[in-house]
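User: I would like to learn how to read a structural model feature by feature, beginning with burial and ending with single residues. Could you take me through one case?

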Amino acid sequence: MAEPQPEPQPEPQREPAVRVTRRRARTRANLLDAAFAVFASKGFGRVSIEEVCDAAGYSRGAFYSNFASLDELFFALYRERAGLIARQVADALAGDGPDLAVPASVDRVTEVLLLDLDWLLVKTDFLVHAARDATVAQTLLEHRSRLREAIADRLARARGHTPLPAVLGDADSAARAVVAAYDGVTTQLLLDRDVDRARGWLKQLLTALLTDGSTPPGCSE
């Protein structure tokens, strides 16, 4: 006689784990939002973990289940915001298809580019922090390198449509100049807090930088 087979056991329910994952993602996002507001208000280096937790409405345990330190949280915040800028630039530059009409692209980039004063305050704090920490500086340099590569890839296509000025050298050098122009304009913006003027200056500067300067901003050749 065959031995009776054990009845199949039901599969374990996975829904609670999904809920936990979603809750943790929401907790992490809330901590990042709260940290952004506190960092912008008080400055990095003047904020404690307790202040971030209080602003988000969470305990220290919730903080440490998502971040090992304020440095880690700060860099996650930086990657999030810098990623947004990279997408804005990439999407604006992608509008020309296989070629790149530089003046028209400059118009699109300067219209969509994030020029948020709170973000610039946080970014500036982060730059100063990175300047004092070689490991953080290296990670920041790697991010900026990826952003430059994305811009250089698009600028390299301009040679068959709108020649880049010879003084800039190759597309990578031109991309470095674009990032430097953005850094310079946003530094001025931190002081005079005039977003509209910053956009205007950035548009004029990038047009003069990437063309011979004879094409007015907003007009493609």
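User: How many residues does the chain have, and what percentage of them count as buried?

Analyst: This is a predicted model, and of the 221 residues in its chain, 40% count as buried. The chain exposes about 12600 Å², of which carbon and sulfur atoms supply 54%.

User: Which secondary structure elements should I expect to meet as I follow the chain?

Analyst: The chain holds 9 helices and 0 strands, so that the pattern along the sequence, with strands absent by the DSSP assignment, reads α-α-α-α-α-α-α-α-α. Among the contacts with a separation of 6 or more, 69% join residues that lie 24 or more positions apart.

User: Where do the buried nonpolar side chains gather, and which residues have the most contacts inside the largest nonpolar core?

Analyst: The general idea is that, in soluble globular proteins, nonpolar side chains tend to be buried together. Here the largest nonpolar core has 56 residues, and those with the most contacts inside it are Phe39, Phe63, Leu73, Val122, Ile151 and Leu155. The elements that contribute two or more residues to this core are α1, α2, α4, α5, α6, α7, α8 and α9, with α4 (70-93) supplying the largest share, 11 residues.

User: How should I read the packing of two helices, for instance α6 and α7?

Analyst: One looks at the approach of the axes, at their crossing angle and then at the residues in contact. The axes of helix α6 (residues 117-131) and helix α7 (residues 134-155) come within 6 Å and cross at roughly 125 degrees; the two helices are therefore oblique to each other. On the α6 side the contact involves Phe126, Leu127, His129 and Ala130, which meet Ala134, Val136, Ala137 and Leu140 of α7. By class, this contact has 7 nonpolar residues, 1 polar residue and no charged ones.

User: What angle do the axes of α6 and α8 make, and which residue classes take part in their contact?

Analyst: These axes come within 10 Å and cross at roughly 110 degrees, which makes α6 roughly perpendicular to α8. From α6 the contact draws on Leu117, Leu120, Leu121, Lys123 and Thr124, and from α8 on Tyr182, Asp183, Thr186, Leu189 and Leu190. The residues of this contact divide into 6 nonpolar, 2 polar and 2 charged.

User: Lys123 appears in that list; is Lys123 buried or exposed?

Analyst: For a single residue, the relative accessible area is compared with a cut-off, and under 20% counts as buried. Lys123, which lies in helix α6, has a relative accessible area of 7% and is therefore buried. Leaving aside neighbours within four places in sequence, Lys123 is in contact with Tyr78, Tyr182, Asp183 and Thr186.

User: What is the phi of Arg193, and where is Arg193 placed?

Analyst: As a general guide, most residues other than glycine have a negative phi. Arg193, placed in the loop between α8 and α9, has a phi near 60 degrees, a positive value in a residue other than glycine. Not counting residues up to four places away in sequence, Arg193 touches Leu117 and Gln188. The C-alpha atoms of Arg193 and Asp116 are separated by 9.7 Å, although these residues are 77 residues apart along the chain.

Notes. Residues are numbered from 1 along each chain as its sequence is written. This is a predicted model: local features need pLDDT of at least 70, side-chain atom pairs count only at pLDDT 80 or more; totals for chains, interfaces and linings use all residues. Side-chain values use heavy atoms; hydrogens and water are left out. Helices (H or I, at least four residues) and strands (E, at least two) are DSSP runs, numbered from the N terminus. Buried means under 20% relative accessible area, exposed over 50%, partly exposed in between (1.4 Å probe, protein chains only). Contact means heavy atoms within 4.5 Å. Accessible areas come from the Shrake-Rupley method with a 1.4 Å probe; for residues, only the protein chains shown count as cover. Axes are lines fitted to C-alpha atoms, for helices over the stretch in contact, and angles run from 0 to 180 degrees between N-to-C directions. Angles under 35 degrees count as roughly parallel, over 145 as roughly antiparallel, 65 to 115 as roughly perpendicular and the rest as oblique. Ala, Val, Leu, Ile, Met, Phe, Trp, Tyr, Cys and Pro count as nonpolar, Asp, Glu, Lys and Arg as charged, and the others, Gly among them, as polar. A nonpolar core is a set of buried Ala, Val, Leu, Ile, Met, Phe, Trp, Tyr and Cys residues joined through side-chain atoms within 4.5 Å.
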